[in-house]
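The following exercises ask the reader to derive local features from atomic positions. Each task is followed by a solution in steps.

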Amino acid sequence: MLINGLSDSFVWAKTTHDELGNVDGWLPLRQHLDDTMSVAHSLAEHWISPQAINRMANELPGEQDTVRLASWLAGVHDIGKASPAFACQVDILADRMRDNGFRMHPRLSEDKDRRAVNHSLVGHWTVREWLTDELSFDFKRNAQQWGSVVGSHHGMTPDEAQLAIVDASPTFTGHGIWHTTRQSLLLQAARRIGGAHVLERYRDRELSLPTQVLLVAIVIVSDWIASNSDLFPLLPLSAVDVKPDDAATAERARDALAALNLPQRWVAEPFDGDIDRLFRERFGGRGRSARPVQAAAVRAAVRQAVPGLLIVEAPMGSGKTEAALMAAEVMAARSGADGVFVALPTQATTDAMYSRVREWLGQLPSVERRALSLAHGKAHLNDEHAGLVRDGRFAAATSEDAVVAHWWLSGRKKSMLAQFVVGTIDQLLFGALKSRHVMLRHLALAGKVVVIDEVHAYDVYMSQYLHRILHWLGAYGVPVVLLSATLPSRRRAELLRAYESGTGGTGTSPTEDPGYPVVTGSAGVAPELIEQVGDSSDIAVDRLPDDLDTLVAYLRTHLADGGCAAVVRNTVGRVQETAERLSAEFGEDAVTITHSRFLACDRMRIDTGLVRRFGPPSAAAERPKLHIVVASQVLEQSLDVDFDLMVTDLAPMDLVLQRLGRLHRHTRSRPDRLSEPRCAVVGVDDWTATPVPAVAGSRRVYGEHLLLRAAALLHDQSRVRVPDDIAPLVQRAYGDEPLGPASWQAAMSTAAEVARAKEQERVAYAQTYLLGEADSSISLVSWLRAGVGDVHEDSPQGMAQVRDGAESLEVLVVQRDAGGGLLTPNWLPKVGRQQIPLLEPVPVYLARVIAACTLRLPLALSHGGVIDAVIAELEENRFAAFEASPYLKGQLVLPLDDERQAVVHGYRLIYDLRRGLIHERV
């Protein structure tokens with residue numbers, strides 16, 4: 001194309017370099033814009049979920065306008081590269097442009113101020129000005145909105161101060177031929193959707209913030225695909241004055257997208273009303289029927305006026321996971337969702353759920369492949385997922401396997417875009433964090449049904465992020481299913497209000513207790529009590545002094561005829577101290593220790609052994625005659641294990657009940673003394689005190705208020721009836737009614753005031769990086785101002801922001817050899833001690849071994865007062881070979897000596913193979 005007798009084909013967008021760093025390939029800007037536009041058109045028509053497309057279409061004149069608008073924005077996203085500030089960066093291409101009339105200062109690339117005028121900002125400025133001047137858009141509203149989509153395509157949003165700099169920098173933006181070139185490219189993109197008059201149809205249409213977010217996400221994904229040189233090859237440097245045409249561009253895009261081979265949309269089958277048939281086809285065999293909780297969840301999904309929020313509260317082991325997946329199918333068929341995201345509290349629960357979701361996907365009726373992703377920081381260590389990734393990289397369109405982990409839909413920022421995702425709750429909460437590329441998480445979520453398991457497990461800090469992302473899911477019209485053993489009425493109402501605030505509802509959810517078990521929901525769903533099937537069971541409750549002699553005597557009495565017991569402690573230190581004593585009394589072979597301070601690979605081995613010995617009867621092939629498991633809170637949620645006897649530290653009432661869910665969980669033969677379930681509550685200094693004080697470690701973890709209320713409920717309780725007592729106990733524990741004797745009230749009132757003050761402090765702290773609400777801004781300008789930047793699930797900053805605000809540190813554990821080199825830990829089964837190369841790349845198999853050796857440091861080395869100094873000390877262990885590996889890059893390394901010891905910031909760290917990490921002052 002010619003402009004004033006000069007060709008725009010010399011304006012460049014991308015380059016490649018040879019081994020010596022010399023430019024050996026390039027791509028004209030017009031070609032890259034045409035490529036990206038073609039990709040966006042295809043994605044919007046064939047791949048982006050109808051649920052998300054329809055959400056945007058509601059704000060536009062016609063059915064195809066979402067496709068047209070997304071295509072045009074993608075077709076101009078890099079328009080700012082037609083500027084001296086960008087073009088000057090590669091000398092050989094800049095000189096070629098100068099020779100063809102594009103004026104720019106010969107030393108412009110050395111001007112540091114140039115960086116303030118990046119091509120995203122120039123693109124925003126260009127689009128906004130053109131829409132205003134040429135098409136009479138409103139400068140401050142819809143012109144600004146469209147411009148901000150272009151200006152945000154690198155994952156961060158611009159602000160007015162940055163745009164003002166661009167406006168005042170003609171040397172960097174360029175005028176004359178530069179301006180004419182940008183105008184030509186804008187019109188070229190308009191021509192490809194039917195002409196500039198098509199854009200004029202949107203002149204009076206304003207876009208909501210959620211629509212702008214989805215549009216910029218589509219542009220980002222399209223740009224990433226079009227920037228993949230394996231799919232869209234660059235030209236040799238010798239190719240000049242290239243004039244792409246529509247036919248060649250269309251063929252180039254078809255070939256690239258065929259090679260990419262993204263899985264097609266999933267279309268859920270309309271529900272025919274037969275709940276039992278649906279259950280049998282997905283989870284059962286002949287003659288099996290859906291359980292009451294599953295039937296109630298499906299009925300609620302059918303009754304909703306529009307797919308919205310459902311909350312399923314039922315006892316542990318009642319079939320809530322299957323209920324959620326069945327409800328998700330019904331909701332997806334109605335909403336147009338083409339996938340499901342299942343969020344869980346921990347990596348261990350996530351890995352277990354991954355297999356279950358994969359089995360469910362294999363039963364869905366479809367001839368198309370479905371993309372399944374595992375989304376957490378250690379997904380690459382999951383062998384099942386890694387195998388699917390390898391298969392998906394080379395899978396043909398005719399692959400017989402219905403489930404693949406698509407090669408392109410992997411990595412930290414793209415894995416959530418797969419149709420079906422199982423991930424930790426962090427992946428969801430990051431959607432409410434002001435962070436780079438957060439738009440991609442929103443696009444990923446906007447097309448799915450979202451299932452959140454164990455929703456009671458999230459504290460007040462995490463709940464701020466949970467409430468905000470529920471608000472956004474409501475704004476997108478995303479169906480959501482929340483699962484819990486039970487919720488305080490106030491908590492249930494907060495969750496409903498958060499979601500409905502995004503839908504534009506009244507946000508006045510009832511706070512009264514609807515009963516239990518129950519399914520409640522938004523969009524006019526009246527609570528439905530679930531029929532209880534099976535007998536209730538009485539659990540005998542004993543209250544013991546908190547000394548190890550008493551514990552040993554209690555266990556000796558009740559395990560006299562054998563049996564399997566769990567002792568749950570609230571701190572790792574108490575786990576280790578208790579396990580040492582019990583090992584001395586009962587023998588090391590009779591005691592297993594598990595907590596969060598083992599290497600990840602050791603935790604996996606321990607967890608596998610626990611399920612093998614104490615899991616469901618079908619899995620527990622090696623249940624011992626006598627055994628004691630001493631554990632921290634990891635036993636609450638992570639494992640389907642079953643014990644004959646339990647001892648637990650005093651904890652908040654809902655967590656005590658969660659622990660009781662591991663007591664007599666399955667039907668099996670038990671010793672006569674343990675034929676009825678029994679639990680002893682310990683972790684209290686004196687059960688006769690006024691009030692009953694929990695031990696110091698428990699107070700540090702949970703605070704005094706909830707522990708006192710749990711103590712008041714258990715003080716005179718000799719039995720807990722499950723499931724009948726679950727909801728009443730939780731409602732009272734989290735309610736406002738006075739609990740306990742009159743002599744306790746002054747102390748309990750003080751504890752409540754302290755808890756409220758801390759809660760307000762944590763709520764306020766969470767606001768720092770919390771994303772605004774869906775109507776908080778007219779455009780994307782300043783939407784992510786003062787954010788956290790580029791964080792992810794592996795980074796301490798990201799985890800600290802969405803988890804609980806408490807800093808935490810994870811390290812890679814290796815060992816030093818006599819010559820100062822590094823070895824893999826010598827105790828790893830099937831691996832043993834292997835030399836780690838430091839002067840050449842670490843082989844992939846060895847990098848995966850090292851990446852599995854992660855260890856979380858104790859609070860003494862990760863609290864706010866020391867964390868920066870500890871990081872600085874650990875960063876001295878930087879190895880170029882590690883930085884060159886995608887599995888190891890950026891990780892802190894802790895080298896241990898032959899005795900498995902190291903000194904860090906005044907603490908001696910000792911890794912004991914039985915007890916895990918031990919720390920003591922030097």
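**Exercise 1. Helix α15**

Compare the span of helix α15 (residues 292-303) with the expected span.

Solution. The model is a predicted one. Helix α15 has 12 residues. The expected span is 1.5 Å times one less than the number of residues. For α15 the expected value is 16 Å, and the distance from its first C-alpha to its last is 16 Å, close to that expectation.

Next, identify the buried residues of α15 and the elements that cover them.

Solution. The buried residues are Val293, Gln294, Ala295, Ala296, Ala297, Val298, Ala300 and Ala301. Their cover includes α14 (275-282), β6 (309-313), α16 (320-335), β13 (518-521) and β14 (528-529).

**Exercise 2. Helix α23**

Determine where the buried residues of helix α23 (residues 548-558) lie around its axis.

Solution. Begin with the list: Leu548, Leu551, Val552, Tyr554, Leu555 and His558 are the buried residues of α23. Viewed down the axis of α23, these buried residues fall within an arc of 165°, so they line one face of the helix. Then consider the packing partners: the buried residues of α23 pack against β15 (537-543), β16 (563-568), α24, β18 (626-631), β19 (645-649) and β20 (678-682). Finally, inspect the start of α23, where a side-chain oxygen of Asp547 comes to within 3.2 Å of the backbone nitrogen of Asp549.

**Exercise 3. Val575**

Establish whether Val575 is buried or exposed, and list its contacts beyond four places in sequence.

Solution. Val575 belongs to helix α24 (residues 572-586). Buried means under 20% relative accessible area. Val575 has a relative accessible area of 0%, and is therefore buried. Leaving aside neighbours within four places in sequence, Val575 contacts Arg569, Ile593, Thr594, His595, Val630, Ala631 and Ser632.

**Exercise 4. Cysteines**

Decide how many disulfides the structure holds, and examine Cys601.

Solution. The structure holds 0 disulfides. For Cys601, the nearest cysteine sulfur is that of Cys853, 4.1 Å away. A disulfide requires sulfur atoms within 2.5 Å. Cys601 is in no disulfide, and neither is Cys853. Cys853 is buried, with a relative accessible area of 0%.

**Exercise 5. His664**

Find which backbone oxygen the side chain of His664 reaches.

Solution. First locate the residue: His664 lies in the loop between α27 (653-660) and β20. The side chain of His664 reaches the backbone oxygen of Asp644 at 3.2 Å. Beyond four places in sequence, the contacts of His664 include Asp642, Phe643, Asp644 and Arg670.

Methods
Residues are numbered from 1 along each chain as its sequence is written. This is a predicted model: local features need pLDDT of at least 70, side-chain atom pairs count only at pLDDT 80 or more; totals for chains, interfaces and linings use all residues. Side-chain values use heavy atoms; hydrogens and water are left out. Helices (H or I, at least four residues) and strands (E, at least two) are DSSP runs, numbered from the N terminus. Buried means under 20% relative accessible area, exposed over 50%, partly exposed in between (1.4 Å probe, protein chains only). Contact means heavy atoms within 4.5 Å. The arc is that of the directions from the helix axis to the C-beta atoms. A polar contact is a pair of N or O atoms within 3.5 Å; within protein, one must be able to donate a hydrogen and the other to accept it, and residues adjacent in sequence count only if both atoms are side-chain atoms.
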